[in-house]
Amino acid sequence: MGERWMRVLIFFDLPVTTKKLRRDYAQFRKALLKDGFMMLQYSVYSRLARNHDDAQKHLRTVQANLPPHGSVRSMIVTEKQYMQMQLLVGEKVKDENFLDTRDLLEL
């Protein structure tokens with residue numbers, strides 16, 4: 001049976017009113033990038049996962065790097081659901097890539 005590709009979405013609103021809070025924001029964002037997340041739009045990051053267990057692993061990594069203040073939410077959706085997302089205004093960001101299972105390489 002093949003993988004069921006998933007997307008982990010992270011939404012956050014973090015305060016940046018002091019030097020310490022800006023540092024916390026930067027550390028959280030760097031942790032997301034290090035774990036393979038990409039910015040979908042400001043304060044919304046997305047990462048592809050092979051299956052639900054893999055998605056949960058990446059979610060645990062996010063949880064281990066949470067800042068002490070602010071609001072951080074997550075959502076796990078199937079790749080099929082993610083591909084249903086509609087861009088209502090604006091343009092896709094340069095790095096955005098809606099993958100189809102035909103685009104994924106078997107490891």
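Analyst: A residue counts as buried when its relative accessible area is under 20% and as exposed when it is over 50%. The structure discussed here is a predicted model.

User: Why is F28 called buried?

Analyst: The relative accessible area of F28 is 1%, and the cut-off for a buried residue is under 20%, so F28 belongs in that class. The value for F12 is 6%, which is likewise under 20% and therefore makes F12 buried.

User: What makes the pair of F12 and F28 edge-to-face?

Analyst: The ring centres of F12 and F28 are 5.2 Å apart and their planes meet at 90 degrees. Rings pair if their centres lie within 6.5 Å, and an angle over 60 degrees counts as edge-to-face, so both the pairing and its label follow from the two values. F12 lies in strand β1 and F28 in helix α1, so this pair ties together parts that are 16 residues apart in sequence.

User: Why is the pair of F12 and Y25 called tilted?

Analyst: The centres of F12 and Y25 are 6.0 Å apart, with 55 degrees between the planes. Stacked rings need an angle under 30 degrees and edge-to-face rings one over 60, and because 55 degrees meets neither condition, the pair is tilted. Since F12 is in β1 (residues 6–13) and Y25 in α1 (residues 19–34), the pair links parts that are 13 residues apart in sequence. Both F12 and Y25 are buried. The whole structure holds 3 aromatic pairs, and F12, Y25, F28 and Y45 form one aromatic cluster.

User: How do you know that the length of α1 agrees with its number of residues?

Analyst: The expected span is 1.5 Å times one less than the number of residues, which for the 16 residues of α1 gives 22 Å; the C-alpha atoms at its ends are 22 Å apart, so the two values agree.

User: What makes one face of α1 the buried one?

Analyst: The buried residues of α1 are L21, D24, Y25, F28, A31 and L32. Viewed down the helix axis, these residues fall within an arc of 130 degrees, so they line one face of the helix. On the other side of α1, K19, K30 and K34 are exposed. The buried residues pack against β1, β3 (44–49), α2 (52–64) and β4 (71–78). Just after α1, G36 has a positive phi of about 95 degrees.

User: Why is β3 described as largely enclosed?

Analyst: In β3, 6 of the 6 residues are buried, so the strand is largely enclosed by the rest of the structure. Both of its faces are covered, with V44, S46 and L48 buried on one side and Y45, R47 and A49 on the other.

User: How do you know that β3 pairs with β1 and with β2?

Analyst: Two strands pair if at least two bridges are found between them. β1 and β3 share 6 bridges in the antiparallel sense, while β2 (residues 38–41) is joined to β3 by 3 bridges, also antiparallel, so each pairing satisfies the cut-off of at least two. I10 stands opposite Y45 of β3, and M38 has S46 of β3 as its bridge partner. The hairpin of β2 and β3 has 2 residues between the strands, and in it S43 takes a positive phi near 65 degrees.

User: Where do these elements stand in the overall order of the protein?

Analyst: From the N terminus the elements run β-α-β-β-α-β-α, a total of 3 helices and 4 strands. Of its 107 residues, 36% count as buried.

Definitions and conventions
Residues numbered from 1 in each chain as written. Predicted model: local features only at pLDDT ≥ 70, side-chain atom pairs only at ≥ 80, totals over all residues. Heavy atoms only, no water. Buried < 20%, exposed > 50% of the residue type's maximum accessible area, 1.4 Å probe, protein only. Arc of directions from axis to C-beta. Contact = heavy atoms within 4.5 Å.
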